[in-house]
Amino acid sequence: MWKYIGGAVVTGGIIYGVMRYFGGGICNCSTRLDGLVIIITGANSGIGKALSLELARRGATLVLACRDTRKGLDVKCEILAAYPGSQVHLKYLDLASFASIFQFSEVIKCEFDEIYALVNNAGIFYHPQELTEDGFEITFQTNYLGPFVLTHYLLNSLKSSDHARIVNLSSEAHRMVNVYDLKAVTTCQNEFRSHIVAYSVSKLALILFTRALSKKLSKSNIIVNAVNPGNVDTNIYRHFPWLSNPWLYALQWPIRRLVVKNPGQGAQTALHTLLTSNRSTGQYYTNCKLSLPSPLASNEEIANEYYATTLEILAGIFSTESDC
Ligand SMILES: NC(=O)c1ccc[n+]([C@@H]2O[C@H](COP(=O)([O-])OP(=O)(O)OC[C@H]3O[C@@H](n4cnc5c(N)ncnc54)[C@H](OP(=O)(O)O)[C@@H]3O)[C@@H](O)[C@H]2O)c1
């Protein structure tokens, strides 16, 4: 009898330990954000939704920037039910369209005098490759060019705030590509490559952007950091054959339950970068701690060159003359 009880306790302890380990860091900051305006892209699902709920609990005024406004409305209602009286604004934003990004930014500038934070959370993974209406590969535009342009359109609103933060959701996948992949994907938008390379390049580009922008904003009130949320169970895998197939998903479920974060856990590092009193900028955070990205992503010269290259490929669509 005691043997079985002992066995159950040890097994339970091991399972708990494994889940705690893979659950990652927890943000322990008690900071409140009453009245501070925070924009979260892709707030209708996964990490963005979990983060929005936590920010509402801390009193922030939220702008849920969603391309699916029906799902966005469901999230807004959920937030208001959980935290009655919260200030929650739902806005349409499609990062795969520069026209939509421009319209969204104009609405924000009209409605809010200052913005405390922009969370570039929206993203796609393993998406069927296609060109956007602007002529860019869809993963590259949604995950990188869209946030790049949106951030610049909103810089003046961020500068109006006493302290402001930009948080870019990146991924450990950024380590999977080299400088040749980066150049090839960036300069040849209609030559499709593997889905994994497309995603990894977009996430590497976001870290390089974080680094270059932080330097340009070093004399301003804005800090900008990149975040690796870890491996999180969300809709992002909807196009990934291993997880979008219900049978394969069911087979992996027991293991995933142990080693994959839930969206609340996945939101912790982004939450930490929004709340921490540490004003480091241009950094990469994992599990609520500063961490080192790949050597390529840490290279300041490449980051600055890549920023210039991005402006070149956006020439005619967008320029930053008056922003930084
Ligand atoms: N989950 C992970 O394991 C993991 C790991 C590393 C990094 N990340 C990053 O974390 C971020 C959040 O992902 P998630 O896991 O929470 O996935 P998710 O549940 O699929 O959420 C992604 C969000 O992005 C939105 N989105 C996609 N394309 C968009 C567009 N063109 N315009 C505006 N919004 C768009 C989605 O809207 P719809 O609902 O309309 O599609 C959704 O709200 C992503 O940047 C992702 O790359 C996730």
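Colleague: What volume does the largest cavity have?

Modeller: This is a predicted model, in which local features need pLDDT of at least 70 and side-chain atom pairs count only at pLDDT 80 or more, whereas totals for chains, interfaces and linings use all residues. Residues are numbered from 1 along each chain as its sequence is written, and side-chain values use heavy atoms, with hydrogens and water left out. Searching the whole structure gives one cavity of 30 Å³ or more, a cavity being a set of points on a 1 Å grid over the protein atoms alone where a 1.4 Å probe fits but cannot get out. The volume of the largest cavity, taken as the space filled by probe spheres set on grid points joined across faces, edges and corners, is about 70 Å³.

Colleague: How many charged residues are in the lining of the largest cavity?

Modeller: The residues lining the largest cavity (those with an atom within 4 Å of a point) are Q129, E137, F140, V185, C188, Q189, E191, F192, R193 and A198. By class (Ala, Val, Leu, Ile, Met, Phe, Trp, Tyr, Cys and Pro nonpolar; Asp, Glu, Lys and Arg charged; the others, Gly among them, polar), this lining has five nonpolar and two polar residues, and its charged residues number three.

Colleague: Which element gives the most to the lining of the largest pocket?

Modeller: The largest pocket (an open set with protein on both sides within 12 Å along at least five of seven lines) holds about 920 Å³ of space, and N121, G123, I124, T234 and I236 lie nearest its centre among the 44 lining residues. At least two lining residues each come from α2, β2 (61–66) and α8, these being DSSP runs numbered from the N terminus, with helices (H or I) of at least four residues and strands (E) of at least two. With four residues, the element that gives the most is α8.

Colleague: How much of the ligand's accessible area does the protein cover?

Modeller: The space taken by the ligand is the largest pocket, and of the 31 residues around the ligand (a heavy atom within 4 Å), S45, N121, Y199, T234 and Y237 come nearest. A polar side-chain atom of T234 is 2.5 Å from a ligand oxygen atom, and a side-chain N or O atom of K203 lies 2.9 Å from an oxygen atom of the ligand. Of the 900 Å² of accessible area that the ligand has on its own (Shrake-Rupley method, 1.4 Å probe), the protein covers 98%.

Terms used
Polar contact = N/O pair within 3.5 Å; in protein donor to acceptor, adjacent residues only side chain to side chain. Sits in = over half its atoms within 2 Å of the grid points.
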